[in-house]
Amino acid sequence: MKTNFHTHTSLCRHADGTAEDYVKSAVSNGLTQLGFSDHGPYPDIDLGQRMLFEELEEYLNEIDSLAAKYKQNIQIRKGLEIEYLPRYRDYYEQLLTKRSLEYLLMGEHFYINPEGERANIYEVTSSTGQYLAYARTVAEGMKTGLFAAVAHPDLYMLNPFAWNDDCRRAADLIIDTAVATDTILEYNANGLRWEQRTYPDGRRTPYPHDNFWKMAAEAPVRVIVGSDCHNPSCIWDCAMDTAHENLKKLGIQPVYQPDLA
């Protein structure tokens with residue numbers, strides 16, 4: 001069975017192709033379900049690399065239209081990838097109710113640092129000391145019950161550091177909270193599309209990180225594979241095949257039809 005719930009469109013300013021282009025690719029690749037989860041906007045700030053707030057209605061209407069048009073070929077699911085930031089909890093609830101989203105995918109690019117300020121995980125350059133704050137933000141988001149899954153939960157490993165105790169403790173908190181809240185963790189295939197780099201712990205792609213997923217394999221956590229595709233050709237490609245192969249080696253059986261409500 002082939003399904004994918006992590007799909008972007010050109011609305012996010014760093015992807016190619018219309019929503020319909022992705023649907024056509026999904027159908028031609030034999031997917032039974034396709035979930036759209038483009039980067040969600042906020043009503044009062046622009047964090048970049050995402051649609052504008054005034055484009056949200058266009059995005060949702062287009063997905064509804066495509067779901068009706070292609071209902072005989074594929075089931076289309078309506079979601080957003082968005083960061084958990086505590087002050088926007090009411091907004092997340094509104095997205096799931098008034099905007100009729102089927103699911104929110106927590107893609108934590110920003111987090112709340114120990115000083116209570118918003119920080120960017122891509123900008124951690126001095127040490128791994130921020131990783132526990134990142135994990136705490138992810139865990140707090142899972143505890144709200146508003147997020148069906150966490151995208152690339154090991155994203156913090158993209159920074160130029162070796163796996164250490166900070167990395168392990170962050171992973172432990174994320175995985176334990178996922179189990180306690182029954183939140184799905186995503187094994188992200190897009191990380192496998194990145195060119196390998198030399199890190200202090202060897203040459204590897206930034207994520208998925210083996211040590212994180214070895215820990216996940218020891219826990220009763222639900223896992224999905226997300227393409228995180230930014231081009232229709234990546235709906236199901238060799239990175240998706242590799243992701244499934246990697247999970248099989250770890251003894252993790254992914255969920256193909258998760259309850260996203």
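**View 1. Strand E11 turns its side chains in two directions.** In this predicted model, Val223 and Val225 point to one side of E11, while Ile224 and Gly226 point to the other. All of these residues are buried. In a regular strand, side chains alternate between the two faces of the sheet.

**View 2. E11 has strand E8 as a parallel partner.** Take a look at how strand E8 (residues 184-188) joins E11: the pairing is parallel and runs over four bridges. Leu185 stands opposite Val223 of E11. Asn188 has Gly226 in E11 as its bridge partner. Val223 and Gly226, which you met in the previous view, point opposite ways from E11.

**View 3. Seven strands make up an open, parallel sheet.** Reading across the sheet, the order is E1-E2-E3-E4-E7-E8-E11. Where are E1 and strand E11 (223-226) placed in the sheet? They stand at the edges, and each has a single partner strand, so one side of each lacks a neighbour in the sheet.

**View 4. Helix H2 lies across two strands.** Here helix H2 (residues 56-69) crosses strand E2 (33-39) and strand E3 (75-82). The helix runs at about 160° to E3.

**View 5. Phe5 and Tyr103 meet edge-to-face.** The model holds a count of 14 aromatic pairs. In one formed by Phe5 and Tyr103, the rings are 6.5 Å apart centre to centre, with 85° between their planes. This pair links distant parts of the chain, as the two residues are 98 residues apart. Phe5 belongs to the loop between strand E1 (3-4) and helix H1 (19-28), whereas Tyr103 is in strand E4 (residues 103-106). Are these rings buried or exposed? Phe5 is buried, with a relative accessible area of 3%, and Tyr103 is buried too, at 2%. Both values count as buried because the cut-off is under 20% relative accessible area.

**View 6. Seven aromatic residues gather in one cluster.** The members to find are Tyr42, Phe53, Tyr84, Tyr88, Tyr91, Tyr92 and Phe147.

**View 7. Two arginines place their charged ends over aromatic rings.** The charged end of Arg118 sits over the ring of Phe110, at 5.9 Å from the ring centre. For Arg204, the ring beneath the charged end belongs to Tyr199, and the distance to its centre is 3.7 Å.

Terms used
Residues numbered from 1 in each chain as written. Predicted model: local features only at pLDDT ≥ 70, side-chain atom pairs only at ≥ 80, totals over all residues. Heavy atoms only, no water. Phe/Tyr/Trp six-rings, centres within 6.5 Å; stacked < 30°, edge-to-face > 60°. Buried < 20%, exposed > 50% of the residue type's maximum accessible area, 1.4 Å probe, protein only. Lys NZ or Arg CZ within 6 Å of the ring centre and 35° of its normal. Pairing = 2+ DSSP bridges. Contact = heavy atoms within 4.5 Å. Axes fitted to C-alpha atoms, helices over the stretch in contact; angles between N-to-C directions.
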